[in-house]
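Here's a quick tour of the fold for anyone about to work with this protein. Have the structure open and follow along.

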Amino acid sequence: MSKPVVLIAEELSPATVDALGPDFDVRSVDGTDRPALLDSLREASAVLIRSATKMDAEAIAAGQRLQVIARAGVGLDNVDIKAATEAGVMVVNAPTSNIISAAELTIGHILSLARHIPAAHASLAAGQWKRSKYTGTELYEKTVGIIGLGRIGALIAARLQAFGVDIVAYDPYVTAARAQQLGVRLVPLDELLAVSDFVTIHMPKTPETTGMIGAAQLRAMKPTAYVVNVARGGLVDEAALAEALAAGEIAGAGLDVFVTEPPAADSPVLTAPNIVLTPHLGASTDEAQEKAGIAVARSVRLALEGDLVPDAVNVAGGVIDPFVRPGIALVEKLGQILSGLAPAALTRLDVDVRGELADYDVSVYRLAALKGFFTPIVSENVSYVNAPLLAEQRGIETSLTTGAESKDYRNTTTLTGVLADGRTVRVAGTLSGTKMVEKIIGIDGYEIEVPIKRHHILMDYLDRPGVIGVYGRELGAIGINIDAMQVAVDESTGRALSILTVSDPVPDEVLARIGAEIQADRILELDVTEI
C-alpha cells in the first residue's frame with residue numbers, strides 16, 4: 001500500500017519531518033504558488049502550513065483526499081474553518097507553541113518603551129549623545145494592566161512579579177480565585193485603563209474585541225501610560241492610536257501585529273511618535289518554530305491514525321482546554337487498571353470527575369477511559385474514535401458525571417465498572433503537585449495513594465501479622481524489587497488491600513504461591529502501558 005501523502009506548504013523546522021516519521025510520503029510545495037498548491041493538494045491526506053498559505057474553500061475542495069489541515073502556529077485567519085468542517089477536514093493548530101516567546105516579546109516591548117531603547121540606539125548610531133532626552137521610567141511600583149488573562153497573560157503576570165509591579169487584569173472569563181493564584185487583581189476595563197502605567201492586550205480577535213482599544217479608551221489612560229499589542233492586529237484602533245500619540249494623550253506604544261501585514265506604506269502607525277514596531281515576531285524564535293512543527297506533526301499522525309487529536313479546532317468536540325489535557329493520560333491509565341480489576345465483562349462504565357475540572361468540558365475523559373479499558377483486552381488497535389463503538393458492540397453503557405466537591409484533592413476522577421451480576425469494581429486517580437504526578441488514590445473503597453508505574457501487584461486479604469514478610473520473601477527470592485508499597489485496612493471488616501509497585505513482571509506461579517500462603521481473596525498483577 002502507498003503511504004499517505006503529507007504536504008508541507010511552507011518552510012518548517014527540520015524537526016517537523018522527523019516528528020512525522022517514516023510512515024508518510026512527505027512532499028513540499030510553495031503554498032503561495034496557487035496553481036502548484038491546488039495541484040499538489042489533489043493527492044494529499046494532510047497539509048502543513050504557516051500563515052502565508054491560504055486554505056480557503058477552493059483549496060479545500062481541491063484536496064479530494066484531504067483529512068487534516070495543520071497550522072504550525074496559533075492563528076487560523078488563513079484557514080476557512082467552516083468550509084473544512086463541511087468537507088469533513090480536521091483543522092489543527094499548535095496553541096501553546098509560541099506562548100513563552102510571545103510573553104517574552106511583550107516584556108521586551110514594555111522594557112523598550114520604559115527606557116526608550118530603540119530611539120536611544122538610533123540616536124547614538126546617528127552620532128548623537130543625548131542622555132537627558134532618553135530619561136526613562138522604572139517598572140518598580142508601577143501598575144501594569146493585562147487585558148486577557150489566558151495562557152500568555154498568565155505567563156506575563158508571572159514574569160512581571162520580579163519587577164515589583166502591581167498587576168491588575170480585565171478578563172470576564174477568569175474567576176477571582178484564579179486571578180488571586182496569579183497574584184493579579186481583577187478590575188473592570190475602565191478602571192484598568194485609568195490606573196495602569198502600562199497596558200498589554202492578550203485577547204482573541206473577534207467581532208467584539210476588534211477595536212476594543214479605540215479613541216475613547218486611549219483618552220481614558222494616563223498621559224504617561226504606554227500600550228502594547230503583541231496579540232492580534234486590530235485589537236487596537238491604529239488610526240486612533242496614531243492620533244493619541246501625536247496629541248500626547250499617551251506616552252507611547254508598542255505593536256508587533258497590524259490590521260494589514262505588512263502595514264501599508266501610508267499606515268499612520270509607521271510615522272507616529274514614541275512607538276516601537278516589530279514585524280510580527282511573537283512566534284519568531286527557533287524554539288517556538290520547532291515546538292509548533294513538532295506539535296502539528298504529532299497531530300497529523302494522530303489524525304491519520306484515527307486517534308483523538310487534542311488540538312483539533314473543529315472535530316471531536318473542539319479544542320481541549322489546557323487545564324483538562326494533562327488528565328487524559330491519567331484517565332486512560334485508570335481505564336487499564338479497571339480492566340485488570342474486572343473479573344468478568346462489564347455492562348456499564350461510569351466516569352465521575354470531581355473538583356475544579358467540573359467547570360470545564362471533560363467529555364474526552366469518557367473516551368480516554370474506554371480506550372484504556374479496551375487496550376489490554378481486544379486484539380485490534382484501540383483509538384478514541386473506535387472505543388465507543390467497541391463499547392456499543394459489547395453492550396457496555398457509559399456515563400460521565402461531574403461535581404465541584406472533591407474532599408481531599410484538587411481534582412479526582414473515578415471509574416466504576418458494573419458487572420452483569422451487579423458487583424462493581426472501582427479505581428480513582430488524581431494528578432498531584434506541580435509536577436502533575438499521576439496517582440491511584442482509591443481502589444474498591446480502600447483509600448490509598450500510589451504513583452502509577454509500569455507494574456503493580458494488588459492483594460486483598462484478612463489483615464494479620466506476617467503477611468508483608470511473605471510477599472517480601474517470595475519476590476526477593478526471584479530478584480524482583482518492591483519499589484513502593486501501601487496497605488489500606490478496613491477497620492469494620494479487618495480486611496486489607498496491599499498494592500505494590502514492583503520492578504518487573506511477576507510470574508503467575510509466584511503470584512499463585514503468594515496468594516495461597518497469605519490466603520488472599522484476590523491477587524492481581526496490574527500492568528500499565530505508557531501513554
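Before we get to the sheets, one bit of vocabulary: two strands count as paired if DSSP finds at least two bridges between them. By that rule, strand β1 (residues 5–8) pairs with strand β3 (residues 44–49) in the parallel sense, over 4 bridges. Keep in mind that what you're looking at is a predicted model.

**The big picture**

- The protein has 531 residues, and 49% of them count as buried.
- You'll find 17 helices and 22 strands in the protein.
- Along the principal axes, the C-alpha atoms fill a box of roughly 90 × 60 × 40 Å.
- If you take the contacts between residues at least 6 apart in sequence, 62% of them join residues at least 24 apart.
- About 24,900 Å² of the protein is exposed, and carbon and sulfur atoms supply 52% of that area.
- There are 45 positive and 67 negative charges, and the mean positions of the two sets are 3 Å apart.

**The parallel sheet, β1 to β5**

- This one is an open sheet of 5 strands with parallel pairing, and the order runs β2-β1-β3-β4-β5.
- The edges belong to β2 (25–28) and β5 (90–92); each has a single partner strand, so one side of each is left without a neighbour in the sheet.
- From one strand to the next, the twist averages 20 degrees.
- In the pairing of β1 with β3, V5 has A44 as its bridge partner in β3.
- On to β4: 4 bridges join β3 to β4, and the two run parallel. One residue pair to click on is V47 and its bridge partner in β4, I69.
- How many residues of β3 are buried? The count is 6 of the 6, so β3 is largely enclosed by the rest of the structure.

**Helix α12 and S299**

- Helix α12 lies across β1, β3, β4 (68–71) and β5, and its direction makes about 165 degrees with that of β4.
- S299 sits in this helix, which covers residues 286–304.
- Is S299 buried or exposed? Its relative accessibility is 4%, and buried means under 20%, so S299 counts as buried.
- Leaving out residues up to four places away in sequence, S299 touches V92, V309 and D311.

**The antiparallel sheet, β19 to β22**

- Here you have an open sheet of 4 strands, paired antiparallel, in the order β20-β21-β19-β22.
- At the edges stand β20 (482–490) and β22 (522–527), each with a single partner strand, so one side of each has no neighbour in the sheet.
- Neighbouring strands of this sheet are turned by 15 degrees against each other on average, direction ignored.
- β20 pairs with β21 (residues 495–502) in the antiparallel sense, over 8 bridges. Within that pairing, V489 has A496 in β21 as its bridge partner.
- Helix α13 (residues 327–341) packs on the sheet, where it touches β19 (455–462) and β22. The direction of α13 makes about 150 degrees with that of β22.

**Two hairpins: β15, β16 and β17**

- Strand β15 (residues 411–419) is joined by 6 bridges to strand β16 (residues 424–432), and the two run antiparallel. G417 has V425 in β16 as its bridge partner.
- These two strands form a hairpin with 4 residues between them, and G422 in the turn has a positive phi of about 95 degrees.
- β16 is also joined by 6 bridges to strand β17 (residues 437–443), again running antiparallel. Here A428 stands opposite G442 in β17.
- β16 and β17 form a hairpin too, with 4 residues between them; G433 in that turn has a positive phi of about 75 degrees.

**A buried loop residue, V362**

- V362 lies in the loop between β13 (346–355) and α14 (364–374).
- At 3% relative accessibility, V362 counts as buried.
- Which residues does V362 contact, neighbours within four places in sequence aside? They are V324, V353, L357, L400 and T402.
- V362 and V324 are 38 residues apart along the chain, and their C-alpha atoms are separated by 6.5 Å.

Key. Residues numbered from 1 in each chain as written. Predicted model: local features only at pLDDT ≥ 70, side-chain atom pairs only at ≥ 80, totals over all residues. Heavy atoms only, no water. Axes fitted to C-alpha atoms, helices over the stretch in contact; angles between N-to-C directions. Contact = heavy atoms within 4.5 Å. Buried < 20%, exposed > 50% of the residue type's maximum accessible area, 1.4 Å probe, protein only. Areas by Shrake-Rupley, 256 points an atom, 1.4 Å probe, with all protein chains shown as cover. Lys, Arg positive; Asp, Glu negative; His and termini not counted. Charge placed at Lys NZ, Arg CZ, Asp CG, Glu CD.
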